[in-house]
Amino acid sequence: MAHTLPPLPYDYTALEPHVDEMTMRIHHDKHHAAYVNNLNAALDKHSDLHNRSLDDLLRNLAGVPDDIRMAVRNNGGGHWNHSMFWQVMGPMAGGEPMGALGDAIKSAFGDFAAFKAQLKAAGVGRFGSGWAWLVADGGKLSITSTPNQDNPLMDGKKAILGVDVWEHAYYLKYQNRRPDYLDAWWNTVNWAEVAKRFMG
Ligand code: MN
């Protein structure tokens, strides 16, 4: 079955003023849609692969045929990353996670402020386009970043939060100021969803 673009789980204006409406419209309706379309076009060349889940394809890229492996990596990664990204953001969000996730963050990074500083540094430090990630290995958390549309799943790891640092994610509102975008982005983080992924 063909992969489909998931609807944005809130209005395009819901993340204002931190992420602007026009960015959300183009990011979801054009960029994410293109990843889905290009993934399907690649899989059409090996239509048996339409039966495999996206997670399964990305965990086993070495098993994807040579002629479409890079297309699946880039566009399947793009589809997975953005599907997660919309979910881990939301309106009236932000703040600080409590419970097991809050404890795991303190245990791994010292405190919430240190965690935020490290994830921001990973995003600012990613040269060119990519993502910064919070990864859970069992109950242990760590931060990493990837280029392009790569993600931790491709290395067999579980990402529970990711932030898009491609210019298309922030340029209309923040231009070259990626650090300002990352500072504002914390106000959109849906910690209940991140906690769900941490426990899951
Ligand atoms: Mn993006």
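The loop between β2 (140-147) and β3 is home to asparagine 148. In this predicted model, asparagine 148 takes a positive phi of about 55 degrees, although it is not a glycine. Its relative accessible area comes out at 40%, so asparagine 148 counts as partly exposed. Glutamine 175 tells a similar story: its phi is near 50 degrees, again a positive value in a residue other than glycine. This one sits in the loop between α6 (171-174) and α7 (178-185), and with 30% relative accessibility glutamine 175 is partly exposed. One more backbone oddity turns up in the segment before α1, where proline 17 is found. The peptide bond leading into proline 17 from glutamate 16 is cis, with omega near 0 degrees.

Next comes the metal site. Four residues coordinate the manganese ion: His27, His82 and His168, each through NE2, and Asp164 through OD, at 1.9 to 2.1 Å. Read along the sequence, the donors follow the spacing H-x54-H-x81-D-x3-H. Distant parts of the chain are linked here, with histidine 27 coming from helix α1 (residues 21-43) and aspartate 164 from strand β3 (residues 158-164), 137 residues apart. Both histidine 27 and aspartate 164 are buried.

As for the packing, the largest nonpolar core is made up of 59 residues. Phe115, Leu141, Leu161, Trp185 and Trp191 are the ones with the most contacts inside this core. It also spans the domain assignment, drawing at least three residues from domain 1 (21-87) and at least three from domain 2 (99-199). Leucine 161 gives a good view of who meets whom. Setting aside neighbours within four places in sequence, leucine 161 touches Met84, Val88, Phe115, Leu119, Ala132 and Trp133, among others. The rest of its contact list is Leu134, Trp185, Val189, Trp191 and Val194.

Trp191 and Val194 show up again where two helices meet, this time on the α8 side of a contact with α4. The axes of helix α4 (residues 99-109) and helix α8 (residues 191-199) come within 9 Å of each other and cross at roughly 80 degrees. That angle is why α4 counts as roughly perpendicular to α8. On the α4 side, the contact is made by Ala100, Leu101, Ala104 and Ile105. Facing them from α8 are Trp191, Val194, Ala195, Phe198 and Met199. Trp191 thus appears in three places: among the residues with the most contacts in the core, in the contact list of leucine 161, and in the α4/α8 contact.

Key:
Residues numbered from 1 in each chain as written. Predicted model: local features only at pLDDT ≥ 70, side-chain atom pairs only at ≥ 80, totals over all residues. Heavy atoms only, no water. Core = buried A, V, L, I, M, F, W, Y, C linked by side-chain atoms within 4.5 Å. Buried < 20%, exposed > 50% of the residue type's maximum accessible area, 1.4 Å probe, protein only. Domains from an automatic or database assignment. Contact = heavy atoms within 4.5 Å. Donors = N, O, S within 2.8 Å, 3.2 Å for Na, K, Ca; no water. Helix = DSSP H or I, 4+ residues; strand = E, 2+ residues; numbered from the N terminus. Axes fitted to C-alpha atoms, helices over the stretch in contact; angles between N-to-C directions. Parallel < 35°, antiparallel > 145°, perpendicular 65-115°, else oblique.
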